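I opened this one to go through it piece by piece and jot things down as I went. My notes follow in the order I looked things up.

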Amino acid sequence: MDLITIPKLTAKAQKVFNAFIRRRDSENGYFTCISCGKTLPIENMNAGHYVPQKNSSFLRFNEYNVNGECQYSNGFDEFHLIGYRKNLINKIGQEMVDWLEANQRTFKKWTRSELNDIIEKYGEGK
């Protein structure tokens, strides 16, 4: 039996985790963007990272670090983190935002077991 490669397992875990964020941060097909505050249809939602994945693999699957964000803010607004930070403090508190920022350069090499656990924990409907 061939094992799924770590990159493919990571991609699957990311897809399942992002779907969880979309379910968590929406209601009746709508969500409010963490950055700009607009209420939009769920089709316009990304699972936006406060601390980008490229900066901290450690925070990649952290529920506090990833929130519903509109596609425009997440992809095109270079100042989106100003609103994101303000609204994130309101959502999770200053202490947790400080913790995320303190860990913004932390590297983590995810294991096969950890990735499978993420897929199991955040799988469809959970």
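**Starting at Ile4**

I clicked on Ile4 and found that it touches Leu9 and Arg112, leaving out residues up to four places away in sequence. Before going further, I noted that this is a predicted model. Ile4 sits in the segment before α1 (6-24). Buried or exposed, I wondered about Ile4? Neither: Ile4 is partly exposed, because its relative accessible area is 44%, and that falls between the 20% cut-off for buried and the 50% cut-off for exposed. I also took a distance from Ile4 to Phe79: the two are 75 residues apart in sequence, and their C-alpha atoms are 38 Å apart in space.

**The chain overall**

Next I listed the elements. I count 5 helices and 5 strands in the chain, and from the N terminus the order reads α-β-β-β-β-β-α-α-α-α.

For overall dimensions, I put the C-alpha atoms in a box along the principal axes and got roughly 50 × 35 × 25 Å. How does the radius of gyration of the chain compare with that of a compact globule? The chain has 15 Å, and a compact globule of 126 residues would be near 14 Å, so the two agree.

I then checked burial and found that 37% of the 126 residues count as buried. The accessible surface of the chain is about 7800 Å², with 54% of it belonging to carbon and sulfur atoms. On contacts, I took those between residues at least 6 apart in sequence, and 69% of them join residues at least 24 apart. Charges were a quick look: the chain has 18 positive and 15 negative ones, and their mean positions are 5 Å apart.

**The three-stranded sheet**

A reminder to myself: strands of a sheet pair through backbone hydrogen bonds, either parallel or antiparallel. Here I find an open sheet of 3 strands in the order β1-β2-β3, paired antiparallel. β1 (26-27) and β3 (39-41) stand at the edges with a single partner strand each, so each has one side without a neighbour in the sheet.

I zoomed in on β1 and β2 (residues 30-32), which pair in the antiparallel sense over 2 bridges. Which residue in β2 is the bridge partner of Ser26? I found Phe31 there.

**Asn28 in the loop**

Asn28 lies in the loop between β1 and β2. Its phi is near 55 degrees, a positive value in a residue other than glycine. I flagged that because most residues other than glycine have a negative phi. Asn28 is exposed, because its relative accessible area is 70%, over the 50% cut-off.

**β4 and β5**

I moved on to the other pair. β4 (residues 45-49) and β5 (residues 66-70) pair in the antiparallel sense over 5 bridges. I followed two of the positions across: Met45 stands opposite Cys70 in β5, and Ala47 has Gly68 in β5 as its bridge partner.

How many residues of β4 are buried? I get 5 of 5, so I wrote β4 down as mostly covered. Both faces are covered, with Met45, Ala47 and His49 buried on one side and Asn46 and Gly48 buried on the other. In β5, 5 of the 5 residues are buried too, so I noted that strand as largely enclosed by the rest of the structure.

Notes: Residues numbered from 1 in each chain as written. Predicted model: local features only at pLDDT ≥ 70, side-chain atom pairs only at ≥ 80, totals over all residues. Heavy atoms only, no water. Helix = DSSP H or I, 4+ residues; strand = E, 2+ residues; numbered from the N terminus. Rg over C-alpha atoms; globule rule 2.2 N^0.38 Å. Buried < 20%, exposed > 50% of the residue type's maximum accessible area, 1.4 Å probe, protein only. Contact = heavy atoms within 4.5 Å. Areas by Shrake-Rupley, 256 points an atom, 1.4 Å probe, with all protein chains shown as cover. Lys, Arg positive; Asp, Glu negative; His and termini not counted. Charge placed at Lys NZ, Arg CZ, Asp CG, Glu CD. Pairing = 2+ DSSP bridges.
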